[in-house]
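Take a walk through this structure, one helix pairing at a time. The stops are a pocket and the helices that pack against one another.

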Amino acid sequence: MPTSWPSIVKQESASLKINLDNLIRKNLSNIAFVTIDGEDAKDFDDAVFCVELNDGYDLYVAIADVSLYVKPGSSIDKEAINRGTSIYFPNFVIPMLPEILSNNLCSLRPNEDRPSLVVKINLDKDCYLKEYNFFSAIIHSHARLTYTEVENNSFESPLSNAVIDSLKNLKSLAHKRIAIKEERGAVRIHSKEHLIKINDDGTSKSISFRKNIFANQMIEECMLLANECAADLLNNRYGYAPFRVHEEPDQLKLETLKKILGGNVQLQNPQDPASQINSISEKISAKDQLKQSLILQTMKRAEYSTENVGHFGLQLDQYCHFTSPIRRYPDLLTHRMIKSCIEDDNDHSSYKKNDQEICELSSKLEHRAENASRKVNQILIFDYLKRHLGESFEGVISGVTEFGLFITLEKFLVSGLLHVADLKRDRYQLSKDQTYLYGIKSGRRYRFGDSIKVKIVAVSPFEGKMTLLQNE
């Protein structure tokens, strides 16, 4: 992982500064934009404002103007391409851009003017898109809010009436946009994200899951809308964009998934993969994270490409990333293309081959970042469990082999091995179709998805291994 900055990048970063006097752009400092992020967020790259009209809504989404500072071919730009994305760990981040950008110049701090790229989106009363307009602007965040504050409607500091009205409108808009997303059949999977708290010495203090509250969804719907508009603008103007593409899953994998999960799922529309996945997901409890994760594994990875194949998960014909140029390089590429539309409308066809290479590299680097985050999380969870040897936990059989059962601990969503020799009161063999172990004398079966109580007897955090015994 790239953990230090080249000296030339440090030098370039030190020379960067905000000079609003030289910028000719719309001044939106009077509009009551706010940022809404997690409690521990340090960079605030998006701000929102919403007004209700007689015939619908005007939604403003402002994104920090990273392209104003990071010029193509600069040392900062070259390093950002090589990093591709910020990499997130429980107690620190490896950023794509130097901190003077991510935490200062390109952070939409409260009560400070910041250059931004803004999209104004006009929606009808049911929140269907009517029109949009991108432009460069100066914005002024009127408050730094957290998801929890917005969810509970309880704020540390008093808010202006304009901010309060905007939040009310944002909530109304989000409910309607979620309904539209369900109407078009976007894939619904209930996945959980680990929340790992770290002690001062670097060991894991506690393991839990992040709560997915409505305030998160509210901002997500605003960002999805902005991304849709960006893809539409670039595709119409240039015939391509740094699309975020997501292909349909293989039908064979869907059939296998259905078989693993019981085979009794009645599909709403057998010809439509998204409908199949939603039918399967609806039959599974949101708490059953093992089966929900299996559905997720059935789907292909989303990637970046200049060749548009649509976004299967969102059920959109075109989609790209616009809202996080601080932490994703394809978003920065999108910003530059949009600004080109605004400023000079140059033909970008000659850039397509180079942009495709950047898209392919960004997809690989994103995969690397996800793997690194996942492995570190697993090590920290196993480090935590190493201090709980001999304790019992509820588990679910997540894998069946001739040498034993893989058991996922429901409370932590990590797996360990229960060896076949340690199964009680019988000798067990693997079935012919390799879907379950059965006792030769008793006929008892252990199959995927069965609940089982186990005890932790050994953990090797860096090897990613955990040995389990069946509880009496």
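Helices here are DSSP runs of at least four residues, numbered from the N terminus. That numbering gives the names used below. The model is a predicted one.

Start with the second largest pocket. It holds about 510 Å³ of space. Its lining counts 23 residues. Nearest its centre lie P72, R336, M337, S340 and H348. Three elements each give two or more residues to this lining: α2 (75-83), α10 (329-343) and α11 (352-386). Which element gives the largest share of the lining? That is α10, with 7 residues. In character, the lining of the second largest pocket is mixed. It divides into 9 nonpolar, 5 polar and 9 charged residues.

Two of those lining elements, α2 and α11, also pack against each other. Their axes come within 8 Å and cross at roughly 60 degrees. Angles from 35 up to 65 degrees fall outside the parallel and perpendicular ranges, so this pair counts as oblique. On the α2 side, the contact uses I81, N82 and R83. On the α11 side, L361, L365 and R368 meet them. The residues of this contact divide into 3 nonpolar, 1 polar and 2 charged.

Stay with α2 and turn to another partner, helix α1, which spans residues 7-14. The two pack at an angle of about 125 degrees, and their axes lie 8 Å apart. α1 and α2 are therefore oblique to each other. Is their crossing left-handed or right-handed? It is left-handed. From α1, the residues I8, V9, E12 and S13 make the contact. From α2 come S75, I76 and E79. Sorted by type, the contact of α1 with α2 has 3 nonpolar, 2 polar and 2 charged residues.

Now move to a further pair, away from α2. Helix α7 covers residues 251-260, and helix α9 covers residues 289-298. They pack at an angle of about 165 degrees, with axes 10 Å apart. Why does α7 count as roughly antiparallel to α9? The cut-off for roughly antiparallel is over 145 degrees, and the angle of about 165 degrees makes α7 roughly antiparallel to α9. The crossing of α7 past α9 is right-handed. K253, L254, L257 and I260 of α7 take part in the contact. Their counterparts in α9 are L294, I295 and T298. This contact divides into 5 nonpolar residues, 1 polar and 1 charged.

Look back at α2 once more. α2 lines the second largest pocket, packs against α1 and crosses α11.

Note on methods. Residues are numbered from 1 along each chain as its sequence is written. This is a predicted model: local features need pLDDT of at least 70, side-chain atom pairs count only at pLDDT 80 or more; totals for chains, interfaces and linings use all residues. Side-chain values use heavy atoms; hydrogens and water are left out. Axes are lines fitted to C-alpha atoms, for helices over the stretch in contact, and angles run from 0 to 180 degrees between N-to-C directions. Angles under 35 degrees count as roughly parallel, over 145 as roughly antiparallel, 65 to 115 as roughly perpendicular and the rest as oblique. A crossing is left-handed if the near helix is turned anticlockwise from the far one by less than a right angle, and right-handed if clockwise. Contact means heavy atoms within 4.5 Å. Ala, Val, Leu, Ile, Met, Phe, Trp, Tyr, Cys and Pro count as nonpolar, Asp, Glu, Lys and Arg as charged, and the others, Gly among them, as polar. On a 1 Å grid over the protein atoms alone, a cavity is a set of points where a 1.4 Å probe fits but cannot get out, and a pocket is an open set with protein on both sides within 12 Å along at least five of seven lines; lining residues have an atom within 4 Å of a point. Grid points are joined across faces, edges and corners, and a volume is the space filled by probe spheres set on the points.
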